[in-house]
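Q: I am new to this structure and would like a close look at one part of it. Please begin with the whole chain and then move to the part itself.

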Amino acid sequence: MRELSLNVRRFQNIQAQTKIGSHLLSSRLRRLEKDGIVERRLYCDHPPRFEYFATAKGGELDEVLFAAANWNIKWDDSAEEPSLAVFDKNTGERLGTIPPPKKSTRRRRRVAD
């Protein structure tokens with residue numbers, strides 16, 4: 001849903017952004033379509049290719065996604081700048097930001113002999 005809210009519409013582009021396998025992405029998109037959250041539209045006949053769009057029901061999830069991203073920014077203690085700022089198309093008002101991926105701070109423990 002995040003990719004659709006950022007106007008990423010085609011299967012290959014959604015897959016590239018999310019880095020999930022085609023089988024898993026396909027099943028998730030089918031489920032979202034079945035639940036009335038996403039609709040697909042044919043953009044190429046041969047071979048059949050589709051673009052995915054949020055329905056009105058799915059569009060209401062944008063508020064939830066941005067609220068979760070903003071909560072993460074508020075309570076995240078890293079000093080990194082967000083990777084994406086989101087603005088209202090009509091007013092130009094900044095709606096929120098999406099943070100960059102976190103770098104692993106996990107350290108390997110050394111096992112003593």
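About how much area does the protein chain expose, and what percentage of it do carbon and sulfur atoms supply? After that, at what angle do helix H2 and helix H3 pack, and how far apart are their axes? Please also cover the residues around these two helices.

A: The model is a predicted one. Its protein chain exposes about 9300 Å², and carbon and sulfur atoms supply 50% of that area. The chain has 113 residues, of which 19% count as buried. Five helices and four strands make up its list of elements. Read from the N terminus, the order is α-α-α-β-β-α-α-β-β. Of the contacts between residues at least 6 apart in sequence, 38% join residues at least 24 apart.

Now to the two helices. Helix H2 covers residues 11–18 and helix H3 covers residues 22–34; they pack at an angle of about 115°, and their axes are 11 Å apart. With that angle, H2 is roughly perpendicular to H3. The crossing in which H2 passes H3 is right-handed. On the H2 side, the contact is made by Phe-11, Ile-14 and Gln-15, while H3 brings Ser-22, Leu-25, Ser-26 and Leu-29. Sorted by type, the residues of this contact are four nonpolar, three polar and no charged.

Before H2 in the chain comes helix H1, which spans residues 2–5 and holds Glu-3. Glu-3 has a relative accessible area of 7%, so this residue is buried. Apart from its neighbours within four places in sequence, Glu-3 is in contact with Val-8, Ile-14, Gln-17 and Thr-18. Ile-14 thus appears twice in this account: it touches Glu-3, and it is also one of the H2 residues in the contact with H3.

Thr-18, another contact of Glu-3, is itself in H2. Its relative accessible area is 27%, which means that Thr-18 is partly exposed. Thr-18 is also 16 residues from Arg-2 in sequence, and the C-alpha atoms of these two residues are 9.4 Å apart.

Next come the loops on either side of H2. Most residues other than glycine have a negative phi, and most peptide bonds are trans. Asn-7, in the loop between H1 and H2, has a positive phi, near 65°, and is not a glycine. Its relative accessibility is 46%, so Asn-7 counts as partly exposed. The loop between H2 and H3 holds Lys-19. Lys-19 is likewise not a glycine, and its phi is positive at about 60°. With a relative accessible area of 72%, over the 50% that marks an exposed residue, Lys-19 is exposed.

Further along H3 is Arg-30. At a relative accessible area of 49%, Arg-30 is partly exposed, since exposed means over 50%. Arg-30 and Arg-40 are ten residues apart along the chain, and 9.3 Å separates their C-alpha atoms.

After H3, the chain enters the loop between H3 and S1, where Ile-37 is found. The relative accessible area of Ile-37 is 15%, so this residue is buried. Setting aside neighbours within four places in sequence, the contacts of Ile-37 are Met-1, Leu-32, Phe-53, Ala-54, Thr-55, Lys-57, Gly-58 and Leu-61. For one of these residues, Leu-61, the separation from Ile-37 is 24 residues in sequence and 9.0 Å in space, C-alpha to C-alpha.

One more backbone detail lies past this loop. Strand S1 covers 38–44 and strand S2 covers 49–54, and Pro-47 is in the loop between them. The peptide bond from His-46 to Pro-47 is cis, with omega near -15°.

To return to the part in question, H2 and H3 are roughly perpendicular, and no charged residue takes part in their contact.

How values were computed. Residues numbered from 1 in each chain as written. Predicted model: local features only at pLDDT ≥ 70, side-chain atom pairs only at ≥ 80, totals over all residues. Heavy atoms only, no water. Buried < 20%, exposed > 50% of the residue type's maximum accessible area, 1.4 Å probe, protein only. Contact = heavy atoms within 4.5 Å. Areas by Shrake-Rupley, 256 points an atom, 1.4 Å probe, with all protein chains shown as cover. Axes fitted to C-alpha atoms, helices over the stretch in contact; angles between N-to-C directions. Parallel < 35°, antiparallel > 145°, perpendicular 65-115°, else oblique. Left-handed = near helix turned anticlockwise from the far one by under 90°. Nonpolar A, V, L, I, M, F, W, Y, C, P; charged D, E, K, R; others polar.
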